[in-house]
Amino acid sequence: MYEILEKRALSDNVKLMKVKAPLVARKALAGQFIILRIDEEGERIPLTIADYNRKKGTITVIFMEVGKTTKQLGIMEVGDKLLNFAGPLGAASEIEKYGNCVMIGGGVGIAPLYPIVRELKKAGNHVISILGARNKSLLMLEKEIEEFSDELHICTDDGSKGKKGFVSNVLQEIIDSGKKIDIVWAIGPVIMMKVVAELTKKYDIKTMVSLNPIMVDGTGMCGGCRVTVGGEIKFACVDGPEFDGHKVDFDNLMLRNRRFLKEEEHACKIAGVKV
Amino acid sequence: MAVKKEKHPMPEQDSKERIKNFNEVPYGYSKETAIEEAKRCIQCKNSPCTKGCPVEIDIPEFIKELAEGKIDKAVEVLKSKTALPAVCGRVCPYENQCEGECTLNKIGDPVGIGRLERFLADYERKKGMINPKKLKPTGKKVAVVGAGPAGLTCAGDLAKMGHKVVVFEALHAPGGVLMYGIPEFRLPKAIVHAEVDFIKKLGVEIHYDVVVGKTITVQELLEDYDAVFIGTGAGLPRWLNIPGESLDGVYSANEFLTRVNMMKAYDFPHHCTPCTVGGVAATFGAGNVAMDCARTSLRMGAKKSYIIYRRTEKEMPARNEEIHHAKQEEVIFKLLTNPVEFIGDEKGKLKAVKCIEMKLGEPDESGRRRPIPIPESEFTIKIDTALVAIGQNPNPLVPKSFKELETEKWGNLKVDEKGQTTVPGVFAGGDIATGAATVILAMGAGKKAARAIDEYLKKKKK
């Protein structure tokens, strides 16, 4: 059993949890994820690692309450225990000295971006971060990311904080300013990653994206998380979750992420939670 | 007295009823029938049946005890060699093993050895399992990676030799393929749990949520344990590699069966994992896993269930019993047919599969006649769910994380006849070493490796 040590609401439907999982924390690296199960009847859901503390043996996850399991997780409190918590899974981000890194996080995608920003900065990179969300209340971890960024840009769709517009607009401005960009990381909604990857492809800037498909086991066994990358089938759980954004078939990913929408709605209704 | 030529039949659930539930199909023998069947054994001198058993069960001996009505004694003989008799008594391909070798084949049916094994295991479980004797510890510690048939057998045997055994399992439940793969109606999960509990009573500890290669490495295990056994199975699904395979509605057999069996999607939404099966399901492949998929799809609500296979019934790798049960349940066999493309609607949902007719040509390297497409014979079948059950490759997680462990062509770990890998102190067995095979062969490999590990530990002591 894995105890919840800390819980914070980052916005109406986004929560942060620190979970005691020493074996996972011992090995966790930026870019990896965990699979958790709440109880005996629970489903296995993947969440990207937002932070880890090896000394304290904790893993931080940040999640948006979108389906039955994340809603159920959202009402759990400090002291409650999760039945299963396995990881760290997937390949870690490739941290090295690239030069100028542009780090783009959209909405709840800002959470997994944070440890990558931190490690890239520690590796001696010049880090430019762009954080975006639909509105001010959906932004998160600004201070934490600012600490490890040389430049920080904020934007919101409605202009309630920072520039009004999308992260891709800010990226375009940086490209137009003539600044050399060595690599881009983009983590957020699939459509955001798609738009960023299309933009950077024009300028031939290497772009990593972190994918979040539906998973079951998380160890390469079921293939539920398969994505098409460069025309080949890849499993996000073992080959990813990070892939070269220029090679990902985002349309297929969007389609596969809608696989169980109807069932999810049904489960939420039965469980009395609003979708 | 002349020996009865026919095996005693085993009563089973009616096929019209059973496709509406997940309850076990065969009911098993009564005590009286079991004793009668045991009496069919002529106790022949050379007992060829034992040669056919990968886990070396003393078959004539347990049958003799049972025929005399000494059930407890019979159970003892059985369990001295296998920790999973209720599993073996259900899923072993006896017809190719013990029963295939039985002398009675010369005059009629072989003795129903599998059914007798199942009877004894079920009888003991219902009565309450006898607690195993505690052994004097040797002071040696062994780590077992994976709680599937190979790992559990290896762990149980090592514990019986007095070694301390800790099993590391990536998933949240024990059993491996017994839990995620084989359906409830063929192998009730309560039975797997009961047999695993017995192994725990031998002193074996099982740690869940530990993904070896990720959470902890084999190298780290070697620092804390005197030896390591790897039984991580064949977890990597193979694909047809045809267009449309990523459409909504196409599942690997592993995903479909894991959702339904281990995650209990048949009990959705009480259990939270969904799994949708539309009106027409098609399973590609014709092994035991394919039969499981086709039969499960009916129970999940499919109105029609196809098996689509490129060769003929003769070449099907599934056991006769599984094919027979599938036919009884009105699974439709589309033979000499190969899929060429999955077709989706505008939303990316599967709606049909385009197939081509095949004919058999010359035998290939497997000895089976090679299927050849017949030009311009394409046709389309409307389907809502596709289940790809054409096999699995070994799970790459452990080999990938430990380069010194050498692998072979399909990514399976290289081992010698004792199960020793290319790293001293590291042994392997089951599908990770042989490629996808059967539960009983994995158990046999676990047993052999346990003996080799014991020898290795004794040598190490000196």
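1. A word on terms to begin with: accessible areas here come from the Shrake-Rupley method with a 1.4 Å probe. By that reckoning, chain A exposes about 11300 Å², and carbon and sulfur atoms supply 51% of this area. Please keep in mind that this is a predicted model.

2. On the overall build of chain A: there are 8 helices and 16 strands. The radius of gyration is 18 Å, close to the 19 Å that the globule rule gives for 275 residues, so chain A is as compact as a globular protein of that length. Along the principal axes, the C-alpha trace of chain A spans about 55 × 40 × 35 Å.

3. Staying with chain A, you may like the packing figures. Of its 275 residues, 58% count as buried. Among contacts with a separation of 6 or more, 65% are between residues 24 or more positions apart. As for charge, chain A carries 40 positive and 37 negative side chains, and the centres of the two sets lie 2 Å apart.

4. Now to the sheets of chain A. One is an open sheet of 7 strands with antiparallel pairing, in the order E6-E1-E2-E5-E4-E3-E7. Strand E6 (81-82) and strand E7 (84-89) of chain A each have a single partner strand, so one side of each is left without a neighbour in the sheet. Within this sheet's order, E4 and E3 are listed side by side, and 4 bridges join strand E3 (residues 33-37) of chain A to strand E4 (residues 45-53) of chain A in the antiparallel sense. If you want a register to check, A:Phe33 has A:Thr48 in E4(A) as its bridge partner.

5. Another open sheet in chain A has 7 strands in the order E11-E10-E9-E8-E12-E13-E16, and here the pairing is mixed. Its edges are strand E11 (163-164) and strand E16 (242-244) of chain A; each has a single partner strand, so one side of each is left without a neighbour in the sheet. Strand E13 (residues 207-210) of chain A runs antiparallel to E16(A), and 3 bridges join the two. A:Val209 stands opposite A:Phe243 in E16(A). As a general reminder, strands of a sheet pair through backbone hydrogen bonds, either parallel or antiparallel.

6. Chain B can be described along the lines used for chain A. It has 18 helices and 16 strands. A compact globule with 462 residues would have a radius of gyration near 23 Å, and the 23 Å of chain B agrees with that. The C-alpha trace of chain B spans about 70 × 60 × 50 Å along its principal axes.

7. For packing and surface in chain B, buried residues make up 60% of the 462 residues. Of the contacts between residues at least 6 apart in sequence, 70% join residues at least 24 apart. The accessible surface of chain B comes to about 19100 Å², and 52% of it belongs to carbon and sulfur atoms. The mean positions of its 70 positive and 62 negative charges are 3 Å apart.

8. A hairpin in chain B is a handy place to look next. Strand E11 (residues 350-363) of chain B and strand E12 (residues 369-373) of chain B pair in the antiparallel sense over 4 bridges, with B:Lys359 standing opposite B:Ile372 in E12(B). The hairpin formed by E11(B) and E12(B) has 5 residues between the strands, and B:Gly367 in the turn has a positive phi of about 85°.

9. B:Tyr309 sits in the loop between strand E8 (304-308) and helix H15 (320-328) of chain B. Buried means under 20% relative accessible area, and at 7% relative accessibility B:Tyr309 counts as buried. Its C-alpha atom is 6.0 Å from that of B:Leu336, 27 residues apart along the chain. Leaving out residues up to four places away in sequence, B:Tyr309 touches several residues, among them B:Gly285, B:Met316, B:Leu336 and B:Arg368.

10. Finally, B:Asp226 lies in the loop between helix H12 (218-224) and strand E4 (227-230) of chain B. B:Asp226 and B:Leu457 are 231 residues apart in sequence and 7.2 Å apart in space, C-alpha to C-alpha. Setting aside neighbours within four places in sequence, B:Asp226 is in contact with B:Gly139, B:Lys140, B:Lys141, B:Tyr456, B:Leu457 and B:Lys460.

Terms used: Residues numbered from 1 in each chain as written. Chains lettered and ligands numbered in written order. Predicted model: local features only at pLDDT ≥ 70, side-chain atom pairs only at ≥ 80, totals over all residues. Heavy atoms only, no water. Rg over C-alpha atoms; globule rule 2.2 N^0.38 Å. Buried < 20%, exposed > 50% of the residue type's maximum accessible area, 1.4 Å probe, protein only. Contact = heavy atoms within 4.5 Å. Lys, Arg positive; Asp, Glu negative; His and termini not counted. Charge placed at Lys NZ, Arg CZ, Asp CG, Glu CD. Pairing = 2+ DSSP bridges.
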